[in-house]
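This report goes through one protein chain, starting with its overall make-up and ending with a few single residues. Please keep the sequence and the structure in view while reading.

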Amino acid sequence: MYKRIPKQFINAPVDRVNIVDYMNQYATLKQVGQRGELRAKCPLPSQKDDTPSFYVNEHKQTYVCHGCGSGGGIVTFLGDMHGYEFFPTIEELADFMSLQIPYESSQKGNFNSYSDIYKTIYNTAKAENTDRLQ
Ligand SMILES: [Zn+2]
């Protein structure tokens with residue numbers, strides 16, 4: 001049996017989290033300027049120098065580090081911070097915001113309905129067609 005995160009839930013933690021709230025666990029973010037920009041020493045494990053070259057934009061929900069070159073949104077941050085791939089990222093953010101993930105259980109190769117079977121056949125065919133075009 002596999003635990004599966006329902007499709008309609010996947011974006012919820014990423015959409016709802018405030019990148020600044022999450023990063024405050026790891027970095028001391030200080031406001032610079034008036035447009036929601038903050039700065040801190042880089043909290044990422046790959047960071048070597050000790051200067052505050054880690055910038056966060058709260059309005060855009062993005063960050064960039066001029067020390068180690070990391071930058072992007074919350075998903076990239078969790079990847080660089082914890083080495084997480086996409087699904088552990090969703091679980092971590094849901095946990096951070098106390099959101100309950102409505103897991104579905106599924107068994108590989110065990111289809112519930114004809115519509116699932118149809119979708120699988122369709123996707124397989126599509127993948128094969130894509131292969132052929134390359
Ligand atoms: Zn850095």
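Of the 134 residues of the protein chain, 16% count as buried. The model is predicted. The chain has six helices and seven strands, and along the sequence they follow the pattern β-α-α-α-β-β-β-β-β-α-α-β-α. Among contacts between residues at least 6 apart in sequence, 45% join residues at least 24 apart.

**The sheet**

Five strands form an open sheet in the order 2-3-4-5-6, and the pairing is antiparallel. Strand 2 (30-31) and strand 6 (71-72) stand at the edges, each with a single partner strand, so one side of each is left without a neighbour in the sheet. Strands of a sheet pair through backbone hydrogen bonds, either parallel or antiparallel.

The table lists three of the strand pairs.

| Strand pair | Bridges | Sense |
|---|---|---|
| Strand 2 and strand 3 | two bridges | antiparallel |
| Strand 3 and strand 4 | four bridges | antiparallel |
| Strand 4 and strand 5 | four bridges | antiparallel |

Individual residues show how these strands are lined up. Lys30 stands opposite Arg39 in strand 3. Ala40 has Phe54 of strand 4 as its bridge partner. Between strand 4 and strand 5, Val56 stands opposite Tyr63, and Asn57 stands opposite Thr62.

In a regular strand the side chains alternate between the two faces of the sheet. Strand 3 (residues 37-40) shows this alternation: Leu38 and Ala40 point to one face and are buried, while Glu37 and Arg39 point to the other and are not buried. In strand 4 (residues 54-57), Phe54 and Val56 make up a covered face, and Tyr55 and Asn57 an uncovered one.

Strand 5 (residues 62-65) contains Val64. Is Val64 buried, exposed or partly exposed? With 13 C-beta neighbours inside 10 Å, Val64 counts as partly exposed, because a residue needs 20 or more such neighbours to be buried and 12 or fewer to be exposed. Leaving aside neighbours within four places in sequence, Val64 is in contact with Tyr55 and Gly71. The C-alpha atoms of Val64 and Arg39 are separated by 9.8 Å, although these residues are 25 residues apart along the chain.

**Turns and positive phi values**

Two hairpins in the sheet contain a residue with a positive phi. Strand 2 and strand 3 form a hairpin with five residues between them, and in its turn Gly33 has a positive phi of about 80°. The hairpin of strand 4 and strand 5 has four residues between the strands, and there Gln61 takes a positive phi near 60°.

Most residues other than glycine have a negative phi, and most peptide bonds are trans. Gln61 has a positive value in a residue other than glycine. With 16 C-beta neighbours inside 10 Å, Gln61 counts as partly exposed.

Ser98 also has a positive phi, near 55°, and is a residue other than glycine. Where does Ser98 lie? Ser98 is in the loop between helix 5 and strand 7 (104-106). With 6 C-beta neighbours inside 10 Å, Ser98 counts as exposed.

**Helix 4 and helix 5**

How do helix 4 and helix 5 lie relative to each other? The axes of helix 4 (residues 74-82) and helix 5 (residues 86-96) come within 10 Å and cross at roughly 105°. Helix 4 and helix 5 are therefore roughly perpendicular to each other. On the side of helix 4, Ile74, Val75, Leu78 and Gly79 make the contact, and on the side of helix 5, Thr89, Glu92 and Leu93 do so. The residues of this contact divide into four nonpolar, two polar and one charged.

Which residues of helix 4 are buried? They are Ile74, Phe77, Leu78, Asp80 and Met81. An α-helix has 3.6 residues a turn, so residues three or four places apart point the same way. The cover over the buried residues of helix 4 includes helix 2 (12-16), helix 3 (19-23), strand 5 and helix 5. Ile74 and Leu78 are thus both among the buried residues of helix 4 and part of its contact with helix 5. After helix 4 comes Gly83, whose phi is positive, near 75°.

Conventions
Residues are numbered from 1 along each chain as its sequence is written. This is a predicted model: local features need pLDDT of at least 70, side-chain atom pairs count only at pLDDT 80 or more; totals for chains, interfaces and linings use all residues. Axes are lines fitted to C-alpha atoms, for helices over the stretch in contact, and angles run from 0 to 180 degrees between N-to-C directions. Angles under 35 degrees count as roughly parallel, over 145 as roughly antiparallel, 65 to 115 as roughly perpendicular and the rest as oblique. Two residues are in contact if their C-beta atoms, placed from the backbone, lie within 7 Å. Ala, Val, Leu, Ile, Met, Phe, Trp, Tyr, Cys and Pro count as nonpolar, Asp, Glu, Lys and Arg as charged, and the others, Gly among them, as polar. Two strands pair if DSSP finds at least two bridges between them.
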